[in-house]
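I opened the notebook to record what I looked up in this structure, entry by entry. I began with the pocket, then turned to the core and to a few single residues.

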Amino acid sequence: MLTAIGQLAAVVIGVPSIIYFAIQLREQTRERRQAAVNALTRQWSDLTKALHEDAEFAAIFLRGVHSFNDLDAISKLRFSAFENRFFKNFEGMYYSRCDGILTPELWGEIERTMSDFLAYDGVRQWWETRKHWHTEEFGHVVDAIIAKDEKPTAYSAYDLKKTVLPKGN
């Protein structure tokens with residue numbers, strides 16, 4: 001009888017403890033996921049600052065997305081450095097998705113953004129020169145997006161002929 005009472009007491013005390021532990025673990029997971037998403041958002045924001053804070057680089061970027069091959073050496077270097085950071089950011093987001101940190105909805109948003117950029121010849125030209133700097137797994141993701149051969153539309157309203165470039169360009 002005492003054994004049965006002891007087991008019942010263990011269940012009465014143990015089950016709520018397990019439930020409490022599960023709730024705490026779930027909350028910590030949610031907080032960890034949100035912290036990771038916030039960090040990725042900050043990285044993305046820091047990266048895109050170059051486009052709105054530096055008119056000279058913005059002009060290089062617009063020319064580069066259309067044709068990496070037609071850029072001069074200095075512009076290729078600047079465009080390439082930016083694209084490398086850009087794609088390293090995408091790669092980090094991809095692995096965050098694989099680890100379950102990013103939801104399918106957030107990854108879908110990122111994948112659509114990648115698709116917009118990878119629709120442009122200049123970005124594809126750059127990718128061919130630097131894809132070996134990325135993991136093979138992520139390279140397959142990028143190559144699959146390129147294989148869709150989508151029409152470039154993200155900058156279709158940006159008429160480069162009407163763009164006033166900063167002096168020296």
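**Entry: the largest pocket.** I listed the lining of the largest pocket in this predicted model, and I found Val37, Leu40, Thr41, Trp44, Phe90, Met93, Leu102, Leu106, Glu109, Ile110 and Thr113 there. Sorting that lining by class, I counted 8 nonpolar, 2 polar and 1 charged residues. I then looked up which helices build the wall, and I noted that H1, H3 and H4 each supply at least two residues of the lining. For the volume I wrote down about 240 Å³ of space.

**Entry: the largest nonpolar core.** Next I turned to the largest nonpolar core, which has 33 residues, and I asked which of them touch the most other members. The three I noted are Phe79, Phe87 and Met114. Tracing the core back to its elements, I found that helix H1 (2-53), helix H2 (55-66), helix H3 (73-98), helix H4 (104-118), helix H5 (121-130) and helix H6 (136-147) each supply at least two residues. Among these helices, H3 gives the most to this core, with 7 residues.

**Entry: methionine 114.** I followed up Met114 by placing it in helix H4, and I then asked whether methionine 114 is buried or exposed. I entered it as buried, because its relative accessibility is 0% and the cut-off for buried is under 20%. Leaving out residues up to four places away in sequence, I found methionine 114 touching Phe90, Trp107, Phe138, Val141, Val142 and Ile145. Phe90 I had already entered as part of the lining of the largest pocket. I also checked the separation of methionine 114 and isoleucine 146, which lie 32 residues apart in sequence, and I noted 9.5 Å between their C-alpha atoms.

**Entry: asparagine 89.** I looked up asparagine 89 in helix H3 and recorded it as buried, because its relative accessible area is 8%, under the 20% cut-off. Setting aside its neighbours within four places in sequence, I found asparagine 89 in contact with Gln43, Trp44 and Leu47. Of these contacts, Trp44 was familiar to me from the lining of the largest pocket.

**Entry: aspartate 149.** My last look-up was aspartate 149, which I located in the segment after H6. I noted its phi near 50°, a positive value in a residue other than glycine. I then asked whether aspartate 149 is buried or exposed, and I entered it as exposed, because its relative accessible area is 56% and the cut-off for exposed is over 50%.

Conventions. Residues numbered from 1 in each chain as written. Predicted model: local features only at pLDDT ≥ 70, side-chain atom pairs only at ≥ 80, totals over all residues. Heavy atoms only, no water. Core = buried A, V, L, I, M, F, W, Y, C linked by side-chain atoms within 4.5 Å. Buried < 20%, exposed > 50% of the residue type's maximum accessible area, 1.4 Å probe, protein only. Helix = DSSP H or I, 4+ residues; strand = E, 2+ residues; numbered from the N terminus. Contact = heavy atoms within 4.5 Å. 1 Å grid on protein atoms, 1.4 Å probe; cavity = no way out; pocket = protein on both sides within 12 Å on 5 of 7 lines; lining within 4 Å. Points joined across faces, edges and corners; volume = space filled by probe spheres on them. Nonpolar A, V, L, I, M, F, W, Y, C, P; charged D, E, K, R; others polar.
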